[in-house]
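Here are some short exercises, each with a worked solution. Have a look at the chain first, then try each task before you read on.

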Amino acid sequence: MGLEQIAFDWRDAMDIAVVSVLLYQVIQMLRSSRALAVLTGLGLLTVLYFVSNMLGLYTLTWLLQHIFSSLFILIVVIFQSDIRQALGEMGASHLFRKRGLQQDAVEEVVAACVEMARLRVGALIVVERSMRLGDMIEREGVRVDAQLSRRLLMNIFYPKAPLHDGAVILSHGRIMAAACILPLAVAKGQSFGTRHRAALGITRESDAVAIVVSEERGEISLAMKGELVRALDAARLRQVLNEIV
């Protein structure tokens, strides 16, 4: 077949684009250390299967065959949170979504976090992005739906306030809910408190951004995509929020 016989039309371009997007999402999911550990384990099981088959270890071969026959279900169960986040990001419209926080709202959040860090007041603030968190608000939180301001944030997280225990969810420059209970991430080998684990948990299951103010260290941290950046000052926090929300 000569080069002149090869036809390339819009269907081929669409095919390549779709496959590229899917491969990108899979690579993003596999970047986590947990995914690499699971893939390493599956690779070792595959090697063990071929070795047992060559040596005639029939019981072990039979067991591994049944494990591999359920491999798809095992992968879905193991990576359910990663798959949920990847599908949510694919389904969210990044081209048409509005900014989660405008510049004035970012300033209010930064000012509140800096002041709470100075006073050693603990806080957990979640900024909604493309993926909606309405089900979490309805299920766990107390609906507020108020204009965002530093004073209101500080009043909510005041230690004796009735809504201070839990997370505040922000959406489009408004405080949508308070006292929200978030899923906790398992942080093996790291001494994270409940707020930090909750921030990691919600950012692993959605594309939200979570800000944590530590009452013990007076430190501001930010979580995104299951990763935590600690010891942020006002300038750095402002820069990060302006870039990602």
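Accessible areas here come from the Shrake-Rupley method with a 1.4 Å probe, and for residues only the protein chains shown count as cover. This is a predicted model, where local features need pLDDT of at least 70, side-chain atom pairs count only at pLDDT 80 or more, and totals for chains, interfaces and linings use all residues. Residues are numbered from 1 along each chain as its sequence is written, and side-chain values use heavy atoms, with hydrogens and water left out.

**Exercise 1. Get an overview of the protein chain.**

Start with the surface: the accessible surface of the protein chain is about 14800 Å², and carbon and sulfur atoms own 61% of that. Next, secondary structure: there are 10 helices and 7 strands, read as DSSP runs numbered from the N terminus (helices are H or I with at least four residues, strands are E with at least two). Then burial: of the 245 residues, 38% are buried. For that word, buried means under 20% relative accessible area, exposed means over 50%, and partly exposed is in between (1.4 Å probe, protein chains only).

**Exercise 2. Check the length of helix H6 and find what covers its buried residues.**

Step one is the ruler: the expected span is 1.5 Å times one less than the number of residues. Helix H6 (residues 103-119) has 17 residues, so it should span 24 Å, and its end C-alpha atoms are indeed 24 Å apart. Step two, look for burial: the buried residues of H6 include Ala105, Val109, Cys113 and Met116. Step three, look at the cover, which includes strand S1 (123-127), helix H8 (150-157) and strand S3 (167-171), along with S5, S6 and H10. Finally, step off the end: just after H6, Arg120 has a positive phi of about 60°.

**Exercise 3. Count the disulfides, then look at two cysteines.**

A disulfide is counted when two cysteine sulfur atoms sit within 2.5 Å. Searching the whole structure gives 0 of them. Cys113 has a relative accessible area of 0%, so it is buried. Cys180 is buried too, at 2%.

**Exercise 4. Trace the salt bridges around Glu219 and Arg195.**

The rule is a side-chain nitrogen of Lys or Arg within 4 Å of a carboxyl oxygen of Asp or Glu. The structure holds 7 such bridges. One of them joins Arg195 and Glu215, at 3.2 Å from N to O. Arg195 is in helix H9 and Glu215 in the loop between S5 and S6, so this pair ties together parts 20 residues apart in sequence.

Now move to Glu219, which is buried at 17%. Glu219 meets Arg217 at 3.7 Å and Arg230 at 3.4 Å. Arg230 lies in the loop between strand S7 (227-229) and H10, while Glu219 is in the loop between S5 and S6, so that pair links parts 11 residues apart in sequence. Put together, Arg217, Glu219 and Arg230 form a salt-bridge network.

**Exercise 5. Is His196 buried or exposed, and which residues does His196 touch?**

First, place it: His196 is in helix H9 (residues 194-205). With 6% relative accessibility, His196 counts as buried. For touching, use contact, meaning heavy atoms within 4.5 Å. Setting aside neighbours within four places in sequence, His196 contacts Val212, Ser214, Arg217, Ser221, Leu228 and Arg230.
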